[in-house]
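These are my notebook entries on how the helices pack and on what surrounds the ligand. The sequence and the structure are placed here for reference.

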Amino acid sequence: MSIYGKTVLVTGANRGIGQALVTEALARGVQRVYAGTRRSLVHSDQRVTPLRLDVTSDAQIRAAAEEIGSLDILVNNAGVALYDDLTERAALEQSLAVNLFGTWGVTQAFLPLLTRSAGAIVNNVSVMALAPLPLTPAYAISKAAAFNLTQSLRALLAGRGVRVHAVLTGPTDTDMTRGFEIPKASPESVARAIFDGVENGEEDIFPDPMTQSIAEAWRTGVVKAMERQNAAFVTDRAAA
Ligand SMILES: NC(=O)c1ccc[n+]([C@@H]2O[C@H](COP(=O)([O-])OP(=O)(O)OC[C@H]3O[C@@H](n4cnc5c(N)ncnc54)[C@H](OP(=O)(O)O)[C@@H]3O)[C@@H](O)[C@H]2O)c1
């Protein structure tokens with residue numbers, strides 16, 4: 001799928017990777033980018049339409065879906081990461097509310113438009129979906145759940161012509177990783193790699209040097225094989 005001429009919605013579009021995704025989408029010649037943010041946003045490019053969208057608000061999700069007439073690509077990028085040690089239920093609830101239920105709610109609301117356009121869903125998950133960093137375990141749990149959601153949606157929506165991509169992002173230099181003194185990719189390079197992955201039809205996108213080093217092992221590994229095997233049940237049932 002080429003990004004050129006498409007209509008794209010990015011959640012969490014005001015900073016970090018989301019902001020870089022808006023810039024990259026514009027550079028690739030999109031027709032329109034809906035920039036979903038919790039606060040008001042002003043953008044100099046006429047092709048950007050700011051959209052008030054707290055992904056934990058059913059009312060804002062509904063209003064956003066009513067405002068948009070057509071959509072080719074939904075990028076579920078909004079996310080929150082908290083330091084915790086799993087002693088407080090609140091950290092788990094907040095992480096799940098944004099990273100899992102936010103992704104689910106926005107996806108369900110825009111599914112009719114994405115089905116009509118035979119579009120794509122891109123979930124910015126995290127490599128922590130595969131292995132937690134126990135400094136942010138609630139975050140990792142929510143991302144593992146969001147990744148599993150992505151895998152099921154991929155199988156369930158294949159018959160409707162909607163492609164579903166997971167982005168297994170590694171350390172990226174944004175507010176989220178402030179204070180972590182580790183090698184980080186730039187948000188701009190991650191945004192480029194995400195849209196490259198969509199254009200190349202990669203269902204799991206590894207958008208930075210750290211995660212690219214495990215991409216091949218993941219794609220040829222036992223877990224991926226099981227995902228495909230399990231997904232075939234859905235296709236076989238639909239055919240029957
Ligand atoms: N940075 C990394 O190393 C890394 C690695 C793996 C995955 N990721 C994922 O990449 C995505 C973007 O992260 P980032 O690094 O760009 O982080 P960031 O700079 O902290 O940006 C997070 C974005 O999400 C938005 N957001 C948070 N809660 C929201 C809500 N309830 N509704 C709507 N928007 C909300 C924030 O909006 P406000 O400005 O209003 O708070 C902000 O725009 C996240 O899903 C994150 O988990 C990041």
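Which residues in α1 and α5 meet? I began with this pair, bearing in mind that the model is predicted. From α1 I listed G16, I17, A20, L21, E24 and A25. Opposite them I found P187, E188, V190, A191, R192, I194 and F195 of α5. I then sorted the residues of this contact by class and noted 9 nonpolar, 1 polar and 3 charged.

Entry on the geometry of α1 and α5. I recorded α1 as residues 16–27 and α5 as residues 187–199. Their axes come within 8 Å and cross at roughly 60°. Because of that angle, α1 is oblique to α5. I noted the crossing of α1 and α5 as right-handed.

Entry on α2 and α3. I next looked up helix α2, residues 58–67, against helix α3, residues 89–117. The axes of α2 and α3 come within 9 Å, and the crossing angle is roughly 30°. Angles under 35 degrees count as roughly parallel, so I entered α2 as roughly parallel to α3. The crossing of α2 and α3 is right-handed. On the α2 side, I61, A64 and A65 make the contact; on the α3 side, G105, V106, A109 and F110 do so. By class I noted 6 nonpolar residues and 1 polar residue in the contact of α2 with α3, with no charged residues.

Entry on α4 and α7. How far apart are the axes of α4 and α7, and at what angle do these helices pack? I read 9 Å for the axes and an angle of about 40°. Helix α4 covers residues 137–158, and helix α7 covers residues 222–239. The angle is the reason why I wrote α4 down as oblique to α7. This crossing of α4 and α7 is also noted as right-handed. Helix α4 contributes Q151, R154, A155 and L156 to the contact, while helix α7 contributes K224, E227, A231 and V234. I counted the contact of α4 with α7 by class as 4 nonpolar, 1 polar and 3 charged residues.

Entry on the ligand. I then turned to the 28 residues around the ligand and asked which come nearest. They are N14, R15, R38, Y139 and T174. For R38, I noted a polar side-chain atom 2.7 Å from an oxygen atom of the ligand. For R39, a polar side-chain atom lies 3.1 Å from an oxygen atom of the ligand. At G79 the backbone is involved: an N or O atom of its backbone lies 3.3 Å from an oxygen atom of the ligand.

Terms used:
Residues numbered from 1 in each chain as written. Predicted model: local features only at pLDDT ≥ 70, side-chain atom pairs only at ≥ 80, totals over all residues. Heavy atoms only, no water. Axes fitted to C-alpha atoms, helices over the stretch in contact; angles between N-to-C directions. Helix = DSSP H or I, 4+ residues; strand = E, 2+ residues; numbered from the N terminus. Parallel < 35°, antiparallel > 145°, perpendicular 65-115°, else oblique. Left-handed = near helix turned anticlockwise from the far one by under 90°. Contact = heavy atoms within 4.5 Å. Nonpolar A, V, L, I, M, F, W, Y, C, P; charged D, E, K, R; others polar. Near = heavy atom within 4 Å. Polar contact = N/O pair within 3.5 Å; in protein donor to acceptor, adjacent residues only side chain to side chain.
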